[in-house]
Amino acid sequence: MFVRRAAVQRLARAAGRRTSVGARAASTLASSHGGTRLERERIASLPSNVRLGASPSIHRGASRQRSLSTAPPTAPPAQQIARFPSLIIGPNHQLSPQGSFAEAQAAFLEPPTDVVESLLDQLIDLKVGIVAHYYMDVELQGVLHAVKRRQMELLHHQRLNEEDGGEGVTATAASGGKEGRRIPEYPLVAVADSLRMGDDAVQMCAQNDVDAVICLGVDFMSESVNAIMGKNGFAHVPVYRAAVKHIGCSLAESAEGDSYKAWLSKAAASNEKSLHVVYINTSLETKAVSSSILPTITCTSSNVLQTILQASAQIGPEELKVRYGPDTYMGENLVSLLDAVIQSGWSDERIKRDLHPAHDRSTIRALRDNIDVYPSGNCVVHHMFGRSVVETVLNDYADAYVTAHLEVPGEMFQIALTKSLDDEGVVGSTSNILNFIERKVEAAARTAADDGEEKKRLKFILGTEAGMVTSIVRSVQDILDAAACRNVEAEIVFPVSSEAVMADAESSLGVVPGVAGGEGCSTAGGCATCPFMKMNDLDAVQDIVDMIATKSSELELSKHLPPNRLGGRTIDGRDAIDLGTEPIVYMREFMKEKRLSEELVGRVEGMAA
């Protein structure tokens, strides 16, 4: 499909050392004119269950190199295809990508067995775990999911062997039949959201006794994983990033400037009962500085609504000022959601039943009016779901379920929110979106037998980063397999912008505006795939594993450690790392007890004294 130029160079240097999926995908798909010999061979090598879209108007020759392309400009995708690209998931693991962007997502979902076995073998031998975010490169995610699945298969065989009186040891195919090695009980690979990544890393340490954890995400994620491991007694286990360079995040960095601190300081000076609810997708330094200014609790996109509802109930909806940041879209969408509850006529009884038992229409109205949203923060991925995308969804996809992450702009969010009131859509986190799709496919699969042989296709607009599709494909395939369902399909629609940007290693952001390059990014400022997350790739992971295996110098490995901006620092006399993890501790207590801690409530109450 595609491979980065740097990865090709590494593969050339590593010839004979390992097999790489990237090497098997060095070319883009052939254009409608037939393409090069390598392109035709790539198409021929695709798994038999992947069927390429047949539209002759789809441009398939777009490069995904990090350097600027010298190819002549092509027409924007909106002029090449009438509808959004999509991936149709059918029975018996059939995949049918529609459009070049979808083909890019589908091509790596079934990685070569030798690559999977080799990586798993190394992880077991070296006692290394991998935690990765949902938004990883599709090639990398395909391998990671396959490694986890293979480990669980081997673990199952190991348990059966023990039940039969055996020694309970096994070997992977790549180990050359080495015996006497046990398969770890807990997965050595976890693909999750940013909060769960830290939890999985802790469990890998506790249950598998790993000697190192590779964290695949942006820098604040590796920083958070490292801090959470340290808080749980595993500070001695190193956490390695895939890249030596800084892996930024447009959203996290919007909270690291003077304007965010000024916004918090203004709230602190108001003598109002203020609670700062900060999105978990921020740096540890942001959390530490915030905690020194205002009482602060971390939230995720899954629990943010319940967090503000409970805080309002405990402190008083008329008195509490919720200061939400830095994600402007998410904050505004929370206000819109509460407004929709009021405007759609929910009764007090329904609010107590479906939203929060301590609230009614009057308290929801008071909470809505007391939310102060930071005005200048957004994610480059979710920023792409602007007006042109909204118009296409409204005009061409009226029959589709619409999903929207809480971070997407208001118009796209409003469509999904309106549909969600009738269970025709969902708004929330990546996990909420995945659960909604699973529930709808399960329901269709259960009733499929009653519909005879008539095929039913469920369409889902994927209102978040396209990397989610790997987890969605695996879940849908498992559901259809379990139900032995042959007449249900799920179509995942990628609402990509009609303009594009190209990757550029010389740019501080890593991307620059450009012609349609197949990346699914917009010159208006948004991407269907996060350019920062894509700085993690399979070859980089293999390089880290190889460095650990060959016991490379500590200096080389130290270049891959998480940022340590708070080490040895104090803020207002308190250890900066403790101050930075405090909002996470408050959130975890809330998740466990379903109430804000008395300590946090007391700090908020004390602001008005």
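**Helix α22 and the cores of the chain**

At the start of helix α22, a side-chain oxygen of D575 comes to within 3.1 Å of the backbone nitrogen of I577. The model is a predicted one, with local features needing pLDDT of at least 70 and side-chain atom pairs counting only at pLDDT 80 or more, while totals for chains, interfaces and linings use all residues. Residues are numbered from 1 along each chain as its sequence is written, and side-chain values use heavy atoms, leaving out hydrogens and water.

So how far does α22 stretch? At 1.5 Å a residue (times one less than the number of residues), its 18 residues, 576-593, should span 26 Å, and the end C-alpha atoms do sit 26 Å apart, which agrees. There is still a kink of about 35° at E582, shortly before the proline P583; the bend is the angle between axes fitted to the seven residues ending at a residue and the seven starting there. Buried residues of α22 include L579, P583, Y586 and F590, buried meaning under 20% relative accessible area with a 1.4 Å probe, protein chains only. Just after the helix, K594 takes a positive phi of about 65°.

Moving on to the cores, the largest nonpolar one has 159 residues, and L216 and M229 touch the most other members. Such a core is a set of buried Ala, Val, Leu, Ile, Met, Phe, Trp, Tyr and Cys residues joined through side-chain atoms within 4.5 Å. Helix α6 (residues 138-163) gives the most to this core, with eight residues. A second, separate core of nine residues includes W263 and L294. Across the chain of 609 residues, 58% count as buried.

Technical notes. Helix = DSSP H or I, 4+ residues; strand = E, 2+ residues; numbered from the N terminus. Buried < 20%, exposed > 50% of the residue type's maximum accessible area, 1.4 Å probe, protein only. Polar contact = N/O pair within 3.5 Å; in protein donor to acceptor, adjacent residues only side chain to side chain.
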